[in-house]
Each structure stands twice: as C-alpha cells, then as structure tokens.
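Let's take a look inside this one, starting with its enclosed spaces and then moving on to a pair of helices.

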Amino acid sequence: MSFTKSLLHWHEYENVRQMPWKGEKDPYKIWLSEIILQQTRVEQGWGYYERFIESFPTIQSLAKAKDEKVFKLWEGLGYYNRCKNLLHTARFITNDLEGKFPMNYTEMLLLKGIGPYTAAAICSFAYNQPYAVLDGNVFRVLSRVFGVETAIDSTEGKRIFSQLAEISLAKKEAAKYNQAIMDFGATVCKPANPLCSHCIMKNNCIAFKEGKVNLLPIKEKVLSKKVRYFSWFVLHIKDEIFVHKRIANDIWQNLHEFYLVETDAQPHWNEKAVEEFSQNQFGEKPLSISVSKEMIQQLTHQRIKAIFVEIELLQKPIPLKSQTWLKKEAIKNLAFPKMAKEYLEEVVIEKKYDENGGRN
C-alpha cells in the first residue's frame, strides 16, 4: 500500500484525535484556528478558539468588535501582531470583499497575516482544493518516511519537501489527506517518542529501517540555539553497546555517541517513561533501566544539558540490527564528546560483566 493510501486508511480507521475545528468547512473558522495555532500548542489554543467563536461567531462580528475586546480575548497567547492582523483582515474581508473569503489561493496570500501554509490550509479544508500543507508535523513525517536528510529549514530542503508534499497529496481528497498527515505527525510520528513499533508505515519508513528515526528531521537553525537538551540512551545487549558516529554538520562532527534524542525542553525520564519510550521506539521491554543526573557542558556558543539513560535489552532492535554494536574494549578506542567520554569511563566501562555476558 502506498504512503498516501496508508495514511488515508489510518485516518479513516485509527485517527481518533479530536479538535473543535476538525472537519470544519467555514473558511472563517479555519482561518481563525490556524492563526491561533501559530506559535501555540493545540492544547493551549483550544480554549481560545472556543471563546473566540462564542464571542465572534462570524467574520462580520469580529470585524465590528472593538480592538480592546479582541485583544483581551487574545491575552496570554502572545505574538500580538497575529491579533492585529486578524482584526485588519476581518475588516478588509467584511468591508472590501462583501464579507466573503477569497476562494483563490493567490488572492488569499494577499490578505494580511496569511502566508503559504495558512492559505493552503484554508483552500484544502474549506474548498478541498489540491494544496498540500507543510507544518512541523508534515516535515517530520515526510523526512522520516522518505529518509530525507536535507535540513527542513534550508532553501534546498524547502524545495525538496514542497515537491514531496505535492507528489504525496491525495489531490481529490486534499482536506482528508492534510488532516491525516498533520494528525499522524502529532499522535504517531511524534518528535521525541514516536510510536514506531505500532506504526503502519514502519515497513516502508526509511528512517525506521535505517535506524535514523531519532536523527530526522534535520534542522539548520538548531545550531543557533543557546541551550540544547540531549538524552543519550546507552543501549546494552549482553556485552555490546550501540554507538553512532556524528556526521551531520553540527557540533562534535565525526565524534561518536550513543543513541541520541534531542528535545526542545528538559525531558523527565523516570522508569515508566523510559519503558514506554523503549517499547515505542524499539519494540522491546528493557531488562533494566538506569537514569543519570543532568550533566552540563558549556561550549563557545551553546550550553548542552545531557542525561544518560542506560537500557539493557534482550535483543537488538530491528531498526538498529545493522548498526554499530561494540564491546566496551573496542569502544574505549573511539573519540566521544567530553560528557559522553566521562560517563563512559566513570560509569559504563567500570561495570563488570558476568561470564554469560550479563551485567552485575
């Protein structure tokens, strides 16, 4: 089954994600939800959307509202220029376009505060026109399934992903497809803890087959972050440990590391969370789990906050079988970032192994 057909099948029979604007055909409500969700998580934006619709059920009622009332409703969402543009566009549509949203993608782009993504969302959801949306969820799904290692925020990456999104789009069912791929990225192909072992795409997902789920998508702008959060999973199979060489254009290029998961905020790894991660990512329940305290390394332009999570597994996970697994004697000869080297020497190397290869 093709990627597109698999996605639509998942959407039809397995997608249970609920949102108040889901399935909406009114361009005003779709536009409102998209503007609210810019720079805002769904969980936070949900209540704002419902309060806006209750106060301003039509674009005309929003256009007639006093600025103070609208900004008060927006309070707490931040990025107040969105609210300013919302009012400007509502009044323009009401006064200059007879209260009717444009049905043309190009004309929609002329409206203040509406860019390519929002225009594509309105055109596809309201009018079922064949425009593919490209948000963070879509970038992640496409990058992993098709194994694209070009940075999503680079000029070349934007070109590649735009083409891939257009090729994958179910043109006669654009609304369903766009909703499906965004929901799939939000609930299955998640950033830090994707449900790979239960994923309908895993047999065709290049990132899963090549053990690169944790590495994709690639972002150029990650280099500009001042604080980065690393979770290194030290995977043990008897007396062998998984190692990976950093080849991306990033810090510590050509040095080795363990299985890395980078997150936007400090993760909280307890035994339950680690077990869930292991089963989701590798399809394996850990035999033992150990979580380190946070370690910090200050680089010239970045501060790295790292946690080491040791997991002992019964067998090598399918996506990592063909990757590099070494005994600790061989690992000692490899070059690692300072924090990983210290942890390796002080914790991992010091652990003794019994004659059967199990750790004491």
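## The largest cavity

Start with the 14 residues that line the largest cavity: C189, C196, C199, M201 and C205 are the ones nearest its centre. Bear in mind that this is a predicted model. The space inside comes to about 100 Å³.

What classes of residue make up that lining? Twelve are nonpolar and two are charged, with no polar residues at all.

## The second cavity

Searching the whole structure turns up two cavities of 30 Å³ or more, and the second largest holds about 40 Å³ of space. Its lining is made up of C196, A207, F208, G211, K212, V213, Y259, Q281, F282, P319 and L320. Two helices, α12 (206-209) and α13 (271-282), are the elements that each give two or more residues to this lining.

Sorted by class, the lining of the second largest cavity has eight nonpolar residues, two polar and one charged. C196 is worth a second look: this residue is among those nearest the centre of the largest cavity, and C196 also lines the second largest.

## Where α2 meets α8

Now over to the helix pair. Helix α2 (residues 27-37) and helix α8 (residues 116-127) have axes that come within 9 Å and cross at roughly 145°. The crossing of α2 past α8 is right-handed.

Which residues do the touching? From α2 come P27, I30, W31, E34 and I35, and they meet Y117, T118, A121, I122, F125, A126 and Y127 of α8. By class, this contact between α2 and α8 has ten nonpolar residues, one polar and one charged.

Technical notes:
Residues numbered from 1 in each chain as written. Predicted model: local features only at pLDDT ≥ 70, side-chain atom pairs only at ≥ 80, totals over all residues. Heavy atoms only, no water. Axes fitted to C-alpha atoms, helices over the stretch in contact; angles between N-to-C directions. Helix = DSSP H or I, 4+ residues; strand = E, 2+ residues; numbered from the N terminus. Left-handed = near helix turned anticlockwise from the far one by under 90°. Contact = heavy atoms within 4.5 Å. Nonpolar A, V, L, I, M, F, W, Y, C, P; charged D, E, K, R; others polar. 1 Å grid on protein atoms, 1.4 Å probe; cavity = no way out; pocket = protein on both sides within 12 Å on 5 of 7 lines; lining within 4 Å. Points joined across faces, edges and corners; volume = space filled by probe spheres on them.
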